[in-house]
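The report below takes up a few local features of one protein chain, with attention to charged pairs, helices and the surface. Please keep the sequence and the structure in view while reading.

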Amino acid sequence: MLPIVSCDNSSRHAAMLAVLDKADSLNCSYIPITSDSLLIEAATYFDSHGTPNERIRAHYLLGCAYRDMGEAPRAVKTWQDAVNCADTTATDCDYKTLGKAYSQMANLYYNQLLFSDVIEARKKAYHYTLISGDTLVAIHEYKMMASPYLLQNKNDSAETILKEALSLYEKYGYSQEKLKASTMLMYIYAEQPTNLAALKDLIDKYEAGCTLFDENHELPPSKRQYYYYKGRYYEGINLLDSAELCYGKIYRPNMTPLDFNPMYKGLLGVYQKKHIGDSIAKYADLYCESMDSAAVLKDRELTAQMIASYNYNHYQKQSLENSEKANKRLYFVIFLLILSIILIIAAIFFKQKYRKKQKMLQELQIEYAEALQNYNEIKKQLQQSDEKLDNVINSSNKGNAESQAIIDTLNNQHKVEKEKLIQQLNSYTVKIEQLEQQLKISQYTKPSIAFFNLGIVRRIKIYAKDSQRNLSKTDMFTLGDAAKEHFPDLITDLDSSPDITPLAKNVCLLTILNLKPGEIVNLLCISSSQVSNLRKDVNLALFNDNTTRTLYQNLSRHYRILSF
């Protein structure tokens, strides 16, 4: 809470300064300022009795209060008031607070996707912060100018800014900040095959000097996006195994769909180059799903930001504070309106998404049918051409020189025509194979996606991380029902095999979740040797494979079970 202001006129100035000090302390500690009344009083007081620097500070902190209260338009206006209070001709001008005001405006503009306003605000934040003497924060403001350019796919402009920022970090001796900021430049170079050498140089310097790596030379979870850039480099020089290893390192617990996106994208690229069909199908679908989920999440966040940006509840409360019933009706109407808009947008989005997928699938099927028809027609033409030539040869006077000349001419023409038709036939063969693969990808992972999105599956995967957690009979029964619905062939085979006990069946069901043997030991409260023997029994009964380690691969390949 902000301090209560004394009514004693002799100490009013000190009391107003105390209000600013308390608000400043909350703001620097990232504690939301939940009331604006005392700050309004302080700003009003300093407008009449304060110095330019006191007015800048009062309006800046009042803007922070509006920001924390979700009133973005009012926050921006108040920060504009703050910068208008500045006397930049004075030698003691508070350039630091002036830079902060522009930085805060840039953040709100960025949330509202007003990119040109972001860039202008960042430029001013950099300028005034640099004048204040805080070079580290100033360079950060300059570096952040690259973000709006990246979102607009203006990578050349972003690259120029980032190179200059790295140069500034080096100039002022901020070596670690330079290394950490270099990952933004890696983001650009990773998608440009012509910049592999520059990317490698950044990677080498980052790994040699960055203090974020632990004793095992591993990065903390929040920084593992870096492994995507390293993977892209290895992929670019065709070291596919190294690239695959790097992409796998991106994984961390509790990742969002957007976090999964680079990992799936990288692994899909590797398996396409390795020509591994099952893995291509798996990661193509996972990549598409992560893209869709990330898009939905972004839309949801953007909707929340825009609603927050235009939250006028404060004004409504002021104007209707004497009419409680009217307030309740107004809030209820606003709630219904927002809820209706969100539901309509969601319905339209998912309907369009469904129609688009259906249309793409229909177009793919039509294209496949046309390619198959053309293939058969060309094949028929080849057969007819061969038969036509045979008929001419059989009906000709073989001893006659003139007939032989005609046959030679026809034979040459036939050869040219046949080569042309064979080329067309080969072209359609490749196209048909590609279309079959696309059709396979679109249908291949649907049961697995539905299964692994079930609450029981997600719950068991969470339980598996807790060594003290065991599964109940109810959990296993629910998991078995879910598996029966989505993978009926597997359950039928398990139930019909006399060599598979109920406990072995439970081990198999946990194996399809791609759990580690140690996790299965904890969940079922049995020994590791029991788990190993039961996995071997299932592998032998279902696939005639007398090993333990290949059970998951056999289940995945035979029953099309893809764990993610």
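With which residue does E235 form a salt bridge, and how far apart are the closest N and O atoms? In this predicted model, E235 pairs with K273, and the closest N and O atoms are 3.3 Å apart. This pair links distant parts of the chain, since E235 belongs to helix α12 (residues 226-236) and K273 to helix α14, with their positions 38 residues apart in the numbering. The two partners differ in their cover: E235 has a relative accessibility of 5% and therefore counts as buried, whereas K273, with a relative accessible area of 42%, is partly exposed.

Helix α14 (residues 257-274) also holds K265, whose partner E191 lies in the loop between α10 (175-189) and α11 (196-209), 74 residues apart from K265. The closest N and O atoms of K265 and E191 are 3.5 Å apart. K265 is partly exposed at a relative accessible area of 30%, and E191 likewise counts as partly exposed, at 33%. Both pairs belong to a network of salt bridges that links E191, R232, E235, K265 and K273. In total, the structure holds 23 salt bridges, and three of them are set out here.

| Salt bridge | N to O distance | Location |
|---|---|---|
| E235 and K273 | 3.3 Å | helix α12 and helix α14 |
| K265 and E191 | 3.5 Å | helix α14 and the loop between α10 and α11 |
| E120 and K123 | 3.8 Å | both in helix α6 |

The pair in helix α6 is local, with E120 and K123 three residues apart, about one turn of the helix. E120 counts as partly exposed at 42% relative accessibility, as does K123 at 40%. Helix α6 (residues 115-132) has 18 residues, which at 1.5 Å a residue should span 26 Å, and its end C-alpha atoms are indeed 26 Å apart. Its buried residues include F115, V118, I119, A121 and R122, along with A125, Y126, Y128 and T129. These buried residues pack against α5 (95-111), α7 (135-144), α8 (146-151) and α9 (155-171). After the helix comes G133, which has a positive phi near 100 degrees.

Helix α25 (residues 528-543) can be described in a similar way, with 16 residues reaching 22 Å from the first C-alpha to the last, close to the 22 Å expected at 1.5 Å a residue. Its buried residues are V531, L534, R535, V538, N539, L542 and F543. Viewed down the axis of α25, the buried residues fall within an arc of 140 degrees, so they line one face of the helix. They pack against α22 (488-496), α23 (502-511), α24 (517-524) and α26 (551-559).

The helix is followed by N544, where phi is positive, near 55 degrees, and the loop between α25 and α26 contains T547. With 28% relative accessibility, T547 counts as partly exposed. Leaving aside residues up to four places away in sequence, T547 touches R535, K536 and N539, while its C-alpha atom is separated by 8.6 Å from that of D537, 10 residues apart along the chain.

Finally, the surface carries a nonpolar patch of about 480 Å², made by F332, F335, L336, L339 and L343. Of these, L343 is placed in helix α17 (residues 324-395), and its relative accessibility of 53% makes it count as exposed.

Technical notes. Residues numbered from 1 in each chain as written. Predicted model: local features only at pLDDT ≥ 70, side-chain atom pairs only at ≥ 80, totals over all residues. Heavy atoms only, no water. Patch = residues over 30% accessible without salt bridge, like charges linked within 9 Å, V, L, I, M, F, W, Y side chains within 5 Å. Areas by Shrake-Rupley, 256 points an atom, 1.4 Å probe, with all protein chains shown as cover. Salt bridge = Lys/Arg side-chain N within 4 Å of Asp/Glu carboxyl O. Helix = DSSP H or I, 4+ residues; strand = E, 2+ residues; numbered from the N terminus. Buried < 20%, exposed > 50% of the residue type's maximum accessible area, 1.4 Å probe, protein only. Expected span 1.5 Å × (residues − 1). Arc of directions from axis to C-beta. Contact = heavy atoms within 4.5 Å.
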